[in-house]
Each structure stands twice: as structure tokens, then as C-alpha cells.
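Colleague: Hey, can you walk me through this one? I'm new to it, so keep things plain.

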Amino acid sequence: GRSYCVRTQRMLNQCLESLVQKVQSGVVINFEKSGPDPAPIGEDGLVDSSRPINSFASQPWHSCHKLIYVRPNPKTGVPVGHWPIPESFWPDQNSPTLPPRTAHPVVKFSCVDCEPMVIDKLPFDKYELEPSPLTQYILERKSPHTCWQVFVSSSGKYSELGHPFGYLKASTTLTCVNLFVMPYNYPVLLPLL
């Protein structure tokens, strides 16, 4: 944190300018692990089955309350997104009001390695995650060609976890981790398209 003691109009302008430069545009998300930990990866980058998996001990990367950077369009200055993060309920036409929800979405991630999917002419949204124990853990696995699917609990009608709406993936240069947001249940939709 930082404090400012403003005594003049000029000082106020300087302080506001300083604060504006520090503000990052983004959305705070609660990331939570769902299911078992991934198999440990050895020095060669392959799964090391000799090391035991301790899925029950809580690790700092299991739950992170972090920002995803929402970058504005360079031409317009306005951020552009194609797909929403799903709601944590299935809409009910008979309900007169929407159920209450948390200010920050709770996004669950599964540690099962999957193939990242994209197809030509179908847009997707890509957001960089703020550095955290989760991004550090994913980058240390050195697996830029696999991804972990993300879910919102109770977003599906018949499934508690819901269907995937995107994935977490390390950049190919292993410098950051990105959240790719796709259409809801994209593993079924994309092959149909």
C-alpha cells in the first residue's frame, strides 16, 4: 500500500496521475482446484510416477484469488470479449428473481492434461493471469502444449461441476499463464463446427 498527503491542487493532480499509472484493468477471479493433483513431472519433462501424489495436503496453488488482465483494444481503447464466464446456476423461467452470486466468479480447474482446442473463424478470449502460486506451478511443469480445463460449479443443468468453458494454458515461451474463454461446452461444440 501507499498513502499520499495532498496539500495543493497541483499535488492532487500529481497523486492522481501516479495512481492512474498503477491501476491494472482486469477482473478478479477465485481459482480453485477440482479433483486430484496432477502427476509430478520429472526433470526430463515426462510424468514421474515414482514420486507420490499427495492430493489431500492443501497447497498455495490450490486456491488463488487473483486478477486476469483485461487488455483494451489498441485502436478503440475498449476491451473486447466474445464469451462470458458462465453463471453458477441454470436459469429457471418460473423464478421471479435471479439467485444471488459472488462478486468474483469461482472458477474451478481440473489438473487433467488436455489438448488446447481452437478452430479458424471461431473467436476466443485470451486473458493473462496475474502472477500467483498457481501460475508459478503451471509454468514449472514446462508443458506449454497441454492445458487444464476450467468450469463453474452448477453452471450445467444436470451436472454439479458443469461443462468446461475454457482452459488454463502456459504460453509457448513459458513466460505467463493465460485463461482461454471459449463457448460453453466447447469440446462438444468445436468438433461439430
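Colleague: Is Glu87 buried or exposed, or somewhere in between?
Modeller: Glu87 counts as partly exposed, at 33% relative accessibility. Buried means under 20% relative accessible area, exposed over 50%, and partly exposed in between, with a 1.4 Å probe and protein chains only. Bear in mind that this is a predicted model: local features need pLDDT of at least 70, side-chain atom pairs count only at pLDDT 80 or more, and totals for chains, interfaces and linings use all residues. Residues are numbered from 1 along each chain as its sequence is written, and side-chain values use heavy atoms, with hydrogens and water left out.

Colleague: What does Glu87 form a salt bridge with?
Modeller: With Arg101, and the closest N and O atoms are 2.4 Å apart. A salt bridge here is a side-chain nitrogen of Lys or Arg within 4 Å of a carboxyl oxygen of Asp or Glu. Both Glu87 and Arg101 lie in the loop between strand 2 and strand 3, so the pair ties together parts that are 14 residues apart in sequence. Arg101 counts as exposed, at 57% relative accessibility.

Colleague: How many salt bridges does the structure hold?
Modeller: Four. One of them joins the side chains of Arg71 and Glu128, at 3.1 Å from N to O. Arg71 is in the loop between strand 2 (63-69) and strand 3 (106-110) and Glu128 is in strand 4 (residues 125-129), so that pair ties together parts 57 residues apart in sequence. Arg71 is partly exposed at 48% relative accessible area, and Glu128 is partly exposed at 25%.

Colleague: And Lys33 and Asp37, are they buried or exposed?
Modeller: Lys33 is buried, and so is Asp37. Their side chains meet in a salt bridge too, 2.9 Å from N to O.

Colleague: Which side chain of opposite charge is nearest to Arg141?
Modeller: Asp113, 4.2 Å away; Arg141 is buried yet has no salt bridge. For charges, Lys and Arg count as positive and Asp and Glu as negative, while His and the chain ends are not counted. The Arg141 side chain does reach the backbone oxygen of Ala39, at 3.1 Å. Arg141 sits in the loop between helix 2 (133-140) and strand 5 (148-151).

Colleague: What about Lys142, what's its phi?
Modeller: Near 50°, a positive value in a residue other than glycine. Most residues other than glycine have a negative phi. Lys142 is in the loop between helix 2 and strand 5, and it counts as exposed at 57% relative accessibility. Asn185, not a glycine either, has a positive phi of about 60°, and it lies in the loop between strand 7 (177-181) and helix 3 (186-192).

Colleague: Zooming out, how many helices and strands are there in the chain?
Modeller: Three helices and seven strands, in the order α-β-β-β-β-α-β-β-β-α along the sequence. These are DSSP runs numbered from the N terminus: helices are H or I of at least four residues, strands are E of at least two. Buried residues make up 34% of the 193 residues.

Colleague: Where is Tyr167, and is it buried or exposed?
Modeller: Tyr167 is in strand 6 (residues 166-170), and at 2% relative accessibility it counts as buried. Tyr167 and Lys157 are 10 residues apart in sequence and 21 Å apart in space, C-alpha to C-alpha.

Methods
A polar contact is a pair of N or O atoms within 3.5 Å; within protein, one must be able to donate a hydrogen and the other to accept it, and residues adjacent in sequence count only if both atoms are side-chain atoms.
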